[in-house]
Amino acid sequence: MACFLFRKKLSSSSSYSSFPFPLSLSGLFSRWCLLDCKLLYTMIHSILFKLDFNTRLHTWCSFRCLSSYHISGKFDLTDLTQPHTWYPNARRKKRNVFLHVGPTNSGKTYNALKRLESSSSGVYCGPLRLLAWEVAQRLNKAKVPCNLITGQEREEIDDAKHSSVTVEMADLTSEYRCAVIDEIQMVGCRTRGFSFTRALLGISSDELHLCGDPAAVPLIQRILEVTGDLIKVQYYDRLSPLIPLKYPLGSFSNIKTGDCIVTFSRHEIYKLKKKIENGGKHLCSVVYGSLPPETRTKQATMFNDESSEFGVLVASDAIGMGLNLNISRIIFSTLKKFDGVYTRELTVPEIKQIAGRAGRYGSKFPIGEVTCLDAEDLPLLHSSLGSPSPVLEHAGLFPTFDLLTLYSRLHSTTNFHPILEQFLEKAKLSPDYFIADCEHTLKVATVVDTFPLGLYDKYLFCLSPVDMNDDIAAQGLIQFAENYAKKGLVRLREIFTPGTLQVPKSHNALKELESIHKVLDLYVWLSFRMEDSFPDRELASSQKAICSLLIEEFLERLGWQTQGKGSYRHSPLHLQQKISMHCTV
């Protein structure tokens, strides 16, 4: 399975695990970066001179909006107190903003999408690729041509005036009749919240429909006070009942078709799957975050299919949004999770979001039930379901690349890590905002600063969807950055040998295959932003599809083997035929 051949073995001094993360840089600079107009515009013109026309025009417009900060002739680049001024296109409109808020399965997104469907032009912004894909499929099926645009996908439809995108890909230069931002409460997410804030403040649309939790309403109203937008709030009730059970699951012999057991680690997911299947009554589909999106969709489809033998789902909180699932009962195996820093109890919004997936309106199980594996967790479950979500206090924010560029030129360095860290330390915010958690970005910055790259290239690598906690994925990024810095060209075959992928034979091999998928996904993401330098997108996409097929085959075979079946539903020949369809490159 070791098909990623890193041609140059990384020494201990250049491996990700040994990178020295700099200490705080506060105090290195003696004053705030206040620039007089003459110096600022000299810097702007020197930057614009090096850009192509379209980038130059966009950047100049962005710089112009800085003038609203200080009419005194001074610019404080670290003043982020008025982020609404960063988006002049949106500020030229008096938008009609509709807040559709309510619990899961209340029809709020459905009503917003009906309005989008009837509009002459529009955009849907979702938190997940799966949601963007689902909305694009829906609109195209309704004879409304709709593009699909995510970080790793571009499916453009002739004459389409609608697009379905992941929120990070929202186009702030276009104008729309209608726009929808789904799961708007994610403005409060410590890592991705700034992307929702950007879309909220920056989309230029006559109508803006925001769907999410009522806890976001006061914050959204405060943020939009200064924009001049007109705001209307519409509250929704759940369409089907959700019943918290007074008793725990007890024994695994009480598992029944339509159940979903939720746990929060990959190891526990497979442990529970094995335990349930050893009972001999059920086969389990699995859904968790590190599965490729295509595989997650396939597993969900098997679970939803009444003719399938995979009638039970074992999943992580990845089911909280993005998949339509016909779940009768949610069973929490635990109400604690490790969030990357420490093990903590689930929050009220997390419990409600997951529990609300039971009992889908119009499905085979319109009435949902929710319980726990252990009786000791029931009080927290019941109290959480009976409590409103805490009101959001702050929205995420992150400085634009334009601001970081000016800041770097002021300090005469292209090292991204110290520039970003210093900028964030000095940033001034209004009470409604917080600076996004940049731990991941700073880790990547530490890596790319070791290569002779320009600031924009470093910025792109830092925004890329790389999992730096995954050794294979982190080494993939290092190899891509190193090859790009040396030659300006990254060929996939230099680190990956097509034709060596195979069905994993163990959980460790499965984990490795999932990591390989992440590296291929990263290559595709970079190819859309540096197309000439990453020219093997088709090959990477093909190998990604093969990874998904092999993972699916492992998951299905695992179930049949547990049951002691003598044959697989998919024969090796059938699998090979499917793979050959993706091997034409």
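A residue counts as buried when its relative accessible area is under 20%, and as partly exposed when that area lies between this value and 50%. The legends below describe close-up views of a predicted model.

**Figure 1. A salt bridge joins Glu-207 and Arg-115.** Glu-207 has a relative accessibility of 14% and therefore counts as buried. Its partner, Arg-115, is partly exposed, at 36% relative accessibility. The closest N and O atoms of the two side chains are 2.8 Å apart. Glu-207 belongs to strand E9 (residues 204–212) and Arg-115 to helix H4 (residues 108–118), so this salt bridge ties together parts that are 92 residues apart in sequence. Side chains of opposite charge can pair when their charged atoms come close. The whole structure contains 28 salt bridges.

**Figure 2. Lys-458 and Asp-449 form a salt bridge between buried residues.** The N to O distance between the two side chains is 3.1 Å. Both Lys-458 and Asp-449 are buried.

**Figure 3. Asp-470 and Lys-518 are linked by a salt bridge.** In this pair the closest N and O atoms lie 3.3 Å apart. Asp-470 is located in the loop between helix H15 (455–463) and H16, whereas Lys-518 is located in helix H17, so the contact ties together parts that are 48 residues apart in sequence. Asp-470 is buried, with a relative accessible area of 10%. Lys-518, by contrast, is partly exposed, with a relative accessible area of 23%.

**Figure 4. Four charged residues form a salt-bridge network.** Lys-93, Glu-175, Arg-177 and Asp-206 are joined into one network by salt bridges that share partners.

**Figure 5. Tyr-270 and Tyr-288 form an aromatic pair.** The structure holds 13 aromatic pairs. The ring centres of Tyr-270 and Tyr-288 are 5.8 Å apart and the ring planes stand at 75°, so the arrangement is edge-to-face; planes over 60 degrees apart are classed in this way. Tyr-270 is part of helix H8 (residues 266–277), while Tyr-288 is part of the loop between strand E13 (284–287) and helix H9 (293–304), so the pair ties together parts that are 18 residues apart in sequence. Tyr-270 is buried, with a relative accessible area of 7%. Tyr-288 also counts as buried, at 3% relative accessibility.

**Figure 6. Phe-480 and Tyr-523 pair edge-to-face.** The centres of the two rings are separated by 5.5 Å and their planes meet at 70°, so the pair is edge-to-face. Phe-480 lies in helix H16 (residues 471–487) and Tyr-523 in helix H17 (residues 507–529); the pair therefore ties together parts that are 43 residues apart in sequence. Phe-480 counts as buried, at 1% relative accessibility. Tyr-523 counts as buried too, with a relative accessibility of 0%. Both residues belong to one aromatic cluster, which also includes Phe-461, Tyr-484 and Phe-534.

**Figure 7. Two arginine residues lie over the ring of Phe-528.** Arg-154 lies over the face of this ring, at 4.3 Å from the ring centre. Arg-537 places its charged end over the ring of Phe-528 as well, 3.8 Å from the centre.

Notes: Residues are numbered from 1 along each chain as its sequence is written. This is a predicted model: local features need pLDDT of at least 70, side-chain atom pairs count only at pLDDT 80 or more; totals for chains, interfaces and linings use all residues. Side-chain values use heavy atoms; hydrogens and water are left out. Rings of Phe, Tyr and Trp (its six-membered ring) pair if their centres lie within 6.5 Å; planes under 30 degrees apart count as stacked, over 60 as edge-to-face and the rest as tilted. Helices (H or I, at least four residues) and strands (E, at least two) are DSSP runs, numbered from the N terminus. Buried means under 20% relative accessible area, exposed over 50%, partly exposed in between (1.4 Å probe, protein chains only). A charge sits over a ring if NZ of Lys or CZ of Arg is within 6 Å of the ring centre and within 35 degrees of the ring normal.
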